[in-house]
Amino acid sequence: MMHFLNQFDHEVNFMVPNLFPDFLSWMPGQENILIFEKERKRCNNLIESADILFSLDYNTPSRLGEAGESFKNAGGIKILIDHHIDPDVKEYDYVLSTIDTTSTSELVYDFITQIDPTKLNIEIAECLYTGIMTDTGSFSFACNYEKTFRIVAELYKLGLDGVKINRLVYNTYSESRLRLLGYALSEKLVVFQEYATAYISLTMEELDKYNYKVGDTEGLVNYALSIKGIKLAALFTEKKKKIRISFRSVGDFSVNKLAGKHYEGGGHKNAAGGDSFVSLDETLIAFERLLSEYKEELV
């Protein structure tokens with residue numbers, strides 16, 4: 001979106017609440033991304049003075065953390081482009097939202113091509129392809145749409161190198177990240193076959209031991225879900241003031257409902273997140289107790 005709007009000579013500022021994973025640091029234009037937690041005053045001023053504010057890939061300002069209040073109070077036109085369940089439409093002037101797509105990246109492609117398809121270029125193609133690829137786990141889930149592959153074909157026509165992008169995203173692990181993965185699977189994986197559930201938990205001490213960087217646990221929950229017969233997987237990661245939880249499921253079990261009801265979260269039917277504000281041990285005990293409540297749905 002930034003690359004697109006820049007072509008119309010708009011003054012464009014792109015910000016995210018906190019630091020993004022290092023495996024995305026190659027992306028064209030990433031050096032211009034503002035990190036709210038590092039530049040709060042500047043970001044707040046830009047939010048307050050903006051003529052138009054786009055919300056991309058989150059369905060409510062509450063997902064912005066500390067930036068959410070500034071966003072709500074801003075006087076600019078607010079536009080939502082998103083693919084998550086139950087968008088908070090009352091917070092926006094215009095809404096482009098559907099769950100019948102792989103990713104927000106596809107919706108941004110639609111937005112661009114309906115305005116001026118001649119503005120598509122290799123930088124935009126690389127960004128959109130990365131968004132589609134990562135949101136579908138390299139086209140392994142949530143992508144049974146003919147349109148998705150037609151869009152990807154159009155991006156390839158612009159000179160896209162999909163093999164290179166796959167390598168940059170998935171095959172540039174640090175040694176410490178790989179060792180953390182090994183430790184998590186060998187020592188922290190808990191499996192409840194009677195509930196078709198598996199989970200992994202990591203304390204701050206364990207993360208520090210393996211020199212944790214943002215993004216090092218990306219995709220870890222999917223390993224728990226890959227076990228034969230497992231329908232629900234979770235990753236519990238200890239933060240300073242909360243426990244961050246990532247949920248994945250297969251079939252009809254909705255982790256969006258689970259996260260919304262018990263963990264102040266949400267997302268998609270089969271991929272969602274939430275938070276717990278008690279200790280990690282208390283969180284795990286409560287989660288294990290919950291499983292009996294959902295046994296009939298899971299088994």
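User: Which residue stands opposite Phe 54 in strand 4?

Analyst: In this predicted model, the residue opposite Phe 54 is Ile 79, which belongs to strand 4. Strand 3 and strand 4 (residues 77-82) run parallel and are joined by five bridges; since two strands pair if at least two bridges are found between them, strand 3 and strand 4 count as paired.

User: Why are strand 3 and strand 5 said to stand at the edges?

Analyst: The sheet in question is open, has three strands in the order 3-4-5, and its pairing is parallel. Strand 3 (52-56) and strand 5 (94-97) each have a single partner strand, so one side of each is left without a neighbour in the sheet. From one strand to the next the twist averages 10°. Helix 4 (residues 104-115) lies across strand 3, strand 4 and strand 5, and its direction is at about 125° to that of strand 4.

User: What makes strand 6 and strand 10 the edge strands of the sheet of six strands?

Analyst: That sheet is open, with mixed pairing and the order 6-7-8-9-11-10, and strand 6 (189-192) and strand 10 (266-267) each pair on one side only. Helix 8 (residues 175-187) packs on this sheet, where it touches strand 6 and strand 7 (197-202), and the direction of helix 8 makes about 130° with that of strand 7.

User: Which strands does helix 12 lie across, and at what angle does it run to strand 7?

Analyst: Helix 12 (residues 280-293) lies across strand 6, strand 7, strand 8 (232-238), strand 9 and strand 11, and it runs at about 175° to strand 7. As angles run from 0 to 180 degrees between N-to-C directions, a value of about 175° lies close to the upper end of that range.

User: How do you know that strand 9 and strand 11 pair?

Analyst: Six bridges join strand 9 (residues 243-249) to strand 11 (residues 271-276), and the requirement is at least two, so the two strands pair, and they run antiparallel. Within this pairing, Arg 248 stands opposite Ala 271 in strand 11.

User: Why is the contact between Asp 275 and Lys 242 called a salt bridge?

Analyst: The closest N and O atoms of Asp 275 and Lys 242 are 3.6 Å apart, and the cut-off is 4 Å, so the pair meets the criterion. Asp 275 lies in strand 11 and Lys 242 in the loop between strand 8 and strand 9, so the salt bridge ties together parts that are 33 residues apart in sequence. Salt bridges that share partners also join Lys 242, Arg 244 and Asp 275 into one network.

User: Are Asp 275 and Lys 242 buried, exposed or partly exposed, and what decides this?

Analyst: Buried means under 20% relative accessible area, and partly exposed lies between that and the 50% above which a residue is exposed. Asp 275, at 14%, is therefore buried, whereas Lys 242, at 31%, is partly exposed.

User: What makes Lys 157 and Glu 154 a salt bridge within a helix?

Analyst: Their closest N and O atoms are 2.9 Å apart, which is within the 4 Å limit. Lys 157 and Glu 154 are three residues apart in helix 6 (residues 146-157), and therefore about one helical turn separates them. Lys 157, at 64% relative accessibility, counts as exposed, while Glu 154, at 34%, counts as partly exposed.

User: Why is Lys 90 called exposed and Asp 88 buried?

Analyst: The relative accessible area of Lys 90 is 68%, which is over 50%, so Lys 90 is exposed; that of Asp 88 is 17%, which is under 20%, so Asp 88 is buried. Their side chains meet in a salt bridge of 2.7 Å, N to O. Over the whole structure, a search finds 13 salt bridges.

User: How do you know that Met 133 is buried, and which residues is it in contact with?

Analyst: Met 133, which lies in helix 5 (residues 122-135), has 0% relative accessibility and therefore counts as buried. Leaving aside neighbours within four places in sequence, Met 133 is in contact with Ser 138, Phe 139, Ile 165, Asn 166, Val 169 and Tyr 170.

Methods:
Residues numbered from 1 in each chain as written. Predicted model: local features only at pLDDT ≥ 70, side-chain atom pairs only at ≥ 80, totals over all residues. Heavy atoms only, no water. Helix = DSSP H or I, 4+ residues; strand = E, 2+ residues; numbered from the N terminus. Contact = heavy atoms within 4.5 Å. Buried < 20%, exposed > 50% of the residue type's maximum accessible area, 1.4 Å probe, protein only.
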